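Trainee: Could we go through this model together? I would like to begin with the cysteines.

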Amino acid sequence: MTYPFMSPPNAARFVLSNATIPAITLSGYAAPTKEGLLKADIVIADGLIRDILPPGSAPVELARADMKDGMVWPTFVDMHTHLDKGHIWERHANPDGSFPGALEAVKADRETNWSAADVRARMEFSLRSAYAHGASLIRTHLDSLAPQHRISFEVFKEVREDWKDRVALQAACLFPLDAMADEAYFADLVSVVRNAGGLLGGLTQKTPALDGQLDQLMRAASDNGLDIDLHVDETADREVLTLKSIAEAVLRNRFEGRVTVGHCCSLAQQEPEVAMETIELVAKAGLSIVSLPMCNMYLQDRHPGRTPRWRGVTLFHELAAAGVPTAVSSDNTRDPFYAYGDLDPVEVFREAVRILHLDHPIDTAARVITTTPASILGRTDIGRIAAGRPADLVLFSARRWSEFLSRPQSDRIVLRKGKVIDRSLPDYRELDSIFGGTNA
């Protein structure tokens, strides 16, 4: 068993003294930094961050916990997940680890098993894990082919209400855009999404109809005051570059809502001039990009008996350099699209640093699971440390990046409104009942 490395005072007012904080997450306080980290005392009072002071300068009469230079982060943002798919691996595993294998396995499981009770049980399990790991804002995509859209969005609304004081939830619909040809279905889907306070999403495919589909989607979003979050170019095929079409459609339609796109893997396969032209369009159109490095490493360039030749991720550094908001996220969890994962943003960050080379320099890397995704999701009140904000913090024994990135940080402590939460993770055996017995 792993035990926490320290115990914050059980007091209404106390100090986290000698803390190390990623400067990119901090507002209203400045100090010398090393690799983007700075030192401070954090004063907590009545559930709020009351003040941020130079180390050792907090009022001596307050109870304190000496961080001994351990890190303090804001709670995390996981901006692209699939809570409806999570934990179905035991029922329908991916037969060969491929993208087509994932599609077929999920389709079979959805059509057979995705009742409201089943979806809710797996969503709750996932959220309990994410909360224990320190996440406070999650966006999920919900498979939305009829009749599943009505089942899953209704469950989502109930779960969002139940979890509103622990994890803020958002949802986007996920369906192939060619399904918009069924006008009655698409009208019903838009109504369901609007009534749930969700986003329009979808999967883009390279077809002659794509431009018209994007125009239709953006008209529907504009007419209903909805933002958009799409699955884009999750392939190594350089002939597929719908990202460029999306940027052009945003500009062509003068779409004023937020547009987020995930994956964008094929961008990394383009000739340099094509890639840069596309990136310039993406920046001009104001798109935001989320990379899903763990899932894409699992699926992309997989062939039997052959070692993969590329990492499957998008041109993250080039997009960021062009001013495009960029973040990383969990994506799938223990389902046919990704066999592993636990909605742990620390794991996502650690792997993203390695896969995407977010180090050298690492100074601002912490933004990719905190400030940037929070801003993309329109929640600038989350994922930041500042006086006056709730004391929603994650405490680590690690003092430096090498320590932080070398271990899973299982002994972290999560504070919500200044109070330590129970970080016990749900037991996988709790899911046995929905799988028809034990998994032995």
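Mentor: The following turns discuss cysteines, one lysine and a pair of helices.
Mentor: This is a predicted model, in which local features need pLDDT of at least 70 and side-chain atom pairs count only at pLDDT 80 or more, while totals for chains, interfaces and linings use all residues. Residues are numbered from 1 along each chain as its sequence is written, and side-chain values use heavy atoms, leaving out hydrogens and water.

Trainee: How many disulfides are there in the whole structure?
Mentor: There are zero; a disulfide is a pair of cysteine sulfur atoms within 2.5 Å.

Trainee: Why is Cys 264 too far for a bond?
Mentor: Because the closest cysteine sulfur, in Cys 265, is 7.6 Å from that of Cys 264. Cys 295 is also in no disulfide, its nearest cysteine sulfur being that of Cys 265, 8.4 Å away.

Trainee: Is Cys 295 buried or exposed?
Mentor: Cys 295 is buried, at 0% relative accessibility. Buried means under 20% relative accessible area, exposed over 50%, and partly exposed in between, with a 1.4 Å probe and protein chains only.

Trainee: Now Lys 85: which side chain does Lys 85 join in a polar contact?
Mentor: That of Asp 143, at 2.6 Å. A polar contact is a pair of N or O atoms within 3.5 Å; within protein, one must be able to donate a hydrogen and the other to accept it, and residues adjacent in sequence count only if both atoms are side-chain atoms. Lys 85 is itself buried, at 4% relative accessibility.

Trainee: What is the handedness of the crossing of H2 and H3?
Mentor: The crossing is right-handed, meaning that the near helix is turned clockwise from the far one by less than a right angle; anticlockwise would be left-handed. Helices (H or I, at least four residues) are DSSP runs, numbered from the N terminus.

How values were computed
Helices (H or I, at least four residues) and strands (E, at least two) are DSSP runs, numbered from the N terminus.
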